[in-house]
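Visitor: I have a structure on my screen and would like to learn how to read its pockets. Could you guide me through it?

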Amino acid sequence: MSLVDQLQTLKNKAFSDIQQAVSTQALEEIRVEFLGKKGLLTEVLKGMATLDVAQRPLIGQAANEIKTEIQALYQERVTGLQRQERDARLREEAVDVSLPGHGTDLGLRHPLNQVLLEVTAIFQNLGFSVQEGPDVESDYYNFEALNIPKDHPARDMHDTFYLKNGDVLRTHTSPVQIRTMTQQTPPIRIIVPGKVYRCDTDVTHSPMFHQVEGLYVDKDVTFSQLKGTLSHFLKTFFGKDKKVRFRPSYFPFTEPSTEVDVECVKCEGHGCNVCKRSGWLEILGAGMVNRKVFDSVGYDPDQVTGFAFGLGIERLAMLKFGIPDIRFFYENDKRFLGQFGCVPKALTGEIK
Ligand code: PHE
């Protein structure tokens, strides 16, 4: 076959291939096959060496024309196929904006955390700072240093979980009083949120629950400061019109000791099922730090005085939200948790 015929055949083949190509990728392969450096056109033109010198320019020109024609057709098809491919992709990726969306659940703070944050904020605004301690405590910190010796009847009240080595799961946050006083010097103003453990379970008791401890130690801290501070707390938390009362009580680590009640949140003092007809709710235990506790941390009880208090977060949350069973807090049922959508006052700036 003459070179001219070869070129013509090549052109026809290229044209029909390009026409039939179904993708830009196939087109590119065809372009390389015919026009690439090692392509068919180059191959045919190698035959020029055997031609007369006079014929070479003619063939060269014919080859160039064919090349240009192939390129033009290629270009036209590329543009067409690109448009087709883009249209297909857009059709495939089309979003039907009229379809109903998938709902997303908004995260909310757990009601216990809401209450914990609110309590913490009220005391932080009075100058208390947050302190923490370990859940696994030594007998010394949990009992001994708090004036609860081995045979003390108060140990029975605590239903303690003991570990094999004699350590305990702390039964209250009070051991952090001891840890802080042995590490710092007065004035001390701390609140201690945290988990505590007692072997007890029913609708109002859980083997794990949360307390907030408070401790204020300085020169000349008085019982009236205790009353003022805790009244302020209760009125901020439950409402400023609520009555507060202090009853004498007993704790080994405070002397004198008191239990603090607030007017019932449900019946406003008339008596109902929540307050067991008494009109009052017991909220916290408190008292002036016992001299024996100062002795065990090496403070001079004639130089410093202080008050301490402890309250249960679950109980506060149950009263605040009207929750009848403590176990609801730990079941992580979204139908329950979703009901407490409020943002803690501490985060809205309502507590100043
Ligand atoms: N630790 C006590 C309890 O768990 C509460 C308390 C703390 C009482 C501090 C007085 C002072 O019951």
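**Reading the pockets**

Guide: Let us begin with the second largest pocket, which is lined by D105, L106, L108, R109, H110, P111, K334, L337 and G338. This is a predicted model, where local features need pLDDT of at least 70, side-chain atom pairs count only at pLDDT 80 or more, and totals for chains, interfaces and linings use all residues. Residues are numbered from 1 along each chain as its sequence is written, and side-chain values use heavy atoms, with hydrogens and water left out.

Visitor: What counts as a pocket, and what volume does the second largest pocket have?

Guide: On a 1 Å grid over the protein atoms alone, a pocket is an open set of points where a 1.4 Å probe fits, with protein on both sides within 12 Å along at least five of seven lines; lining residues have an atom within 4 Å of a point. A volume is the space filled by probe spheres set on the points, which are joined across faces, edges and corners. Here, the second largest pocket has about 170 Å³.

Visitor: And what about the largest pocket: which residues lie nearest its centre?

Guide: They are T204, H205, E282, I283 and R315, out of 48 lining residues. The largest pocket holds about 1500 Å³ of space.

Visitor: Which element gives the most to the lining of the largest pocket?

Guide: Strands are DSSP runs of E with at least two residues, numbered from the N terminus. In this model β8 gives the most, with 7 residues.

Visitor: Where does the ligand sit?

Guide: A molecule sits in a pocket if more than half of its atoms lie within 2 Å of the pocket's grid points. The ligand takes up the space of the largest pocket.

Visitor: How many residues surround the ligand, and which are the closest?

Guide: A residue is near a molecule if one of its heavy atoms lies within 4 Å of it. There are 14 around the ligand, with H172, S174, R198, Q211 and E213 the closest. The largest share of this shell, 3 residues, comes from β9.

Visitor: How do I read a polar contact with the ligand?

Guide: Look for a pair of N or O atoms within 3.5 Å. An N or O atom in the side chain of H172 is 3.0 Å from a nitrogen atom of the ligand. For S174, a polar side-chain atom lies 2.9 Å from a ligand nitrogen atom. The side chain of Q211 has an N or O atom 3.0 Å from an oxygen atom of the ligand.

Key:
Polar contact = N/O pair within 3.5 Å; in protein donor to acceptor, adjacent residues only side chain to side chain. Helix = DSSP H or I, 4+ residues; strand = E, 2+ residues; numbered from the N terminus.
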